[in-house]
Amino acid sequence: MENVGFVGLGVMGQPMALNLARAGTPLVVWNRTPGRSEPLRAAGAAVAASSVEVFERADDIVFLMLADDTAMDAVLGRGTADFAARVAGHTVVHMGTTSADYSAGLQDDIRAVGGRYVEAPVSGSRVPAEQGKLVGMLAGDTDAVAAVRPLLAPVCQETFGCGEVPGALLMKFSVNLFLITLVTGLAEAFHFADRHGLDQRLLRDVLDAGPMASSVSRVKGPKLVTRDFTVQAAAADVLKNNRLIAEAAREAGLASPLLDVCHALYGETVARGHGGEDMVAVLHALEARTAGAAAGDARTHPMEDQG
């Protein structure tokens with residue numbers, strides 16, 4: 001097999017890369033924080049000294065699982081004289097989450113210097129990443145997507161073709177819109193039950209037994225019961241994704257009232273210092289609003305303003 005590059009070994013990237021390495025994919029990896037590479041070294045991957053070395057040693061495909069467009073541009077050398085030499089002859093696979101406009105522009109730039117480009121964002125958090133049960137969405141030239149898709153078998157339980165760039169990112173935005181509103185609603189339900197003196201474990205059991213149960217509620221419900229905010233999907237990342245989805249909605253002239261409420265709540269969550277906690281930490285924002293209501297803060301009673 002050809003050497004495959006992988007850059008970005010964060011909460012999601014590290015387990016994804018580990019699944020590739022354990023499946024026998026000859027990986028060359030790099031991460032800005034070197035210690036994150038050590039589990040990959042133990043799994044048989046080669047650890048590069050720099051992101052430049054990853055591109056030098058990868059025969060074709062390089063996966064990028066990076067935080068944002070700034071990190072992407074830095075790794076690619078975009079906007080510098082090094083960009084063309086780095087990406088020419090390579091297929092760059094963008095697995096993170098950026099704006100759709102950024103992705104479309106990046107594809108144009110990569111194509112212009114003789115490279116290929118595939119969007120491959122995933123749906124799922126840290127646990128599905130560890131289990132190799134993410135859902136992948138792919139967009140790009142048909143031949144490039146066909147080359148990348150088989151490599152994702154150890155990472156994704158299923159992959160879906162989403163047409164041309166930025167179709168995969170827009171599909172992920174659609175999925176994440178549902179996820180964000182779902183988890184926020186779940187947190188509010190547990191907050192409601194708690195403040196009415198109900199047994200939250202009983203609420204969890206009732207939900208698990210009913211038609212609204214899902215893999216999300218079965219993972220997030222117990223975290224809310226025990227106030228376990230250990231990160232699976234960080235609140236700060238959810239806020240970033242929420243912002244990107246809201247911007248895409250505004251650009252298309254779409255109403256997104258539920259998303260906008262969630263945007264405000266996650267903004268409050270991060271502002272209160274909980275950005276590094278799991279997305280169920282939105283509970284803190286709900287509790288703060290309840291405390292504000294108890295103190296007579298009229299802003300927490302929007303319905304009263306309509307009287």
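**Exercise 1. In this predicted model, decide whether Leu286 is buried or exposed, and find which residues it touches.**

Solution. Begin with the location: Leu286 is found in helix H14, which covers residues 282-294. Next, take the relative accessible area of Leu286, which is 8%, and compare it with the cut-off, since buried means under 20%. Leu286 is therefore buried. Then list the neighbours, leaving out residues up to four places away in sequence: Leu286 touches Thr184, Ala187, Glu188, His191 and Leu265. As a last step, consider Tyr266, which stands 20 residues from Leu286 along the chain, with 9.8 Å between the two C-alpha atoms.

**Exercise 2. Work out how H9 is oriented relative to H14, and which residues make the contact.**

Solution. The two helices pack at an angle of about 45 degrees, and their axes are 9 Å apart. Angles under 35 degrees would count as roughly parallel and 65 to 115 as roughly perpendicular, so H9 is oblique to H14. The crossing of this pair is right-handed. On the H9 side, the contact is made by Thr184, Ala187, Glu188, His191 and Arg195, while H14 contributes Val282, Leu283, Leu286, Glu287 and Thr290. Sorted by class, these residues divide into 4 nonpolar, 3 polar and 3 charged.

**Exercise 3. Classify the packing of H13 against H14, and then that of H12 against H13.**

Solution. For the pair H13 (residues 257-274) and H14, the angle is about 95 degrees and the axes are 8 Å apart. This angle falls in the range of 65 to 115 degrees, and the two helices are therefore roughly perpendicular to each other. The contact includes Ala264, Leu265 and Tyr266 of H13, together with Leu286 and Ala288 of H14, among others. In the contact of H13 with H14, there are 7 nonpolar, 3 polar and 3 charged residues.

For H12 and H13, the axes come within 9 Å and cross at roughly 150 degrees. Because angles over 145 degrees count as roughly antiparallel, that is the description for H12 and H13. H12 passes H13 in a left-handed crossing. Among the residues that meet are Val238, Leu239 and Ile245 in H12, and Cys262, Tyr266 and Val270 in H13. The contact of H12 with H13 has 10 nonpolar, 5 polar and 3 charged residues.

**Exercise 4. Determine what kind of aromatic pair Phe6 and Phe63 form, and where in the chain the partners lie.**

Solution. The structure holds 1 aromatic pair. In it, the rings of Phe6 and Phe63 are 6.0 Å apart from centre to centre, with 35 degrees between their planes, and the pair is tilted. Phe6 belongs to strand S1 (residues 4-7) and Phe63 to strand S4 (residues 61-64), so the pair links distant parts of the chain, 57 residues apart. Both Phe6 and Phe63 are buried.

**Exercise 5. Examine the backbone at Pro166 and at Arg227.**

Solution. Recall first that most residues other than glycine have a negative phi, and that most peptide bonds are trans. Val165 and Pro166, however, are joined by a cis peptide bond, with omega at about 10 degrees. Pro166 sits in the loop between strand S9 (156-161) and helix H9 (167-195). Turning to Arg227, its phi is near 55 degrees, a positive value in a residue other than glycine. Arg227 lies in the loop between helix H11 (215-226) and helix H12 (235-251), and with 40% relative accessibility it counts as partly exposed.

Methods. Residues are numbered from 1 along each chain as its sequence is written. This is a predicted model: local features need pLDDT of at least 70, side-chain atom pairs count only at pLDDT 80 or more; totals for chains, interfaces and linings use all residues. Side-chain values use heavy atoms; hydrogens and water are left out. Rings of Phe, Tyr and Trp (its six-membered ring) pair if their centres lie within 6.5 Å; planes under 30 degrees apart count as stacked, over 60 as edge-to-face and the rest as tilted. Helices (H or I, at least four residues) and strands (E, at least two) are DSSP runs, numbered from the N terminus. Buried means under 20% relative accessible area, exposed over 50%, partly exposed in between (1.4 Å probe, protein chains only). Axes are lines fitted to C-alpha atoms, for helices over the stretch in contact, and angles run from 0 to 180 degrees between N-to-C directions. A crossing is left-handed if the near helix is turned anticlockwise from the far one by less than a right angle, and right-handed if clockwise. Contact means heavy atoms within 4.5 Å. Ala, Val, Leu, Ile, Met, Phe, Trp, Tyr, Cys and Pro count as nonpolar, Asp, Glu, Lys and Arg as charged, and the others, Gly among them, as polar.
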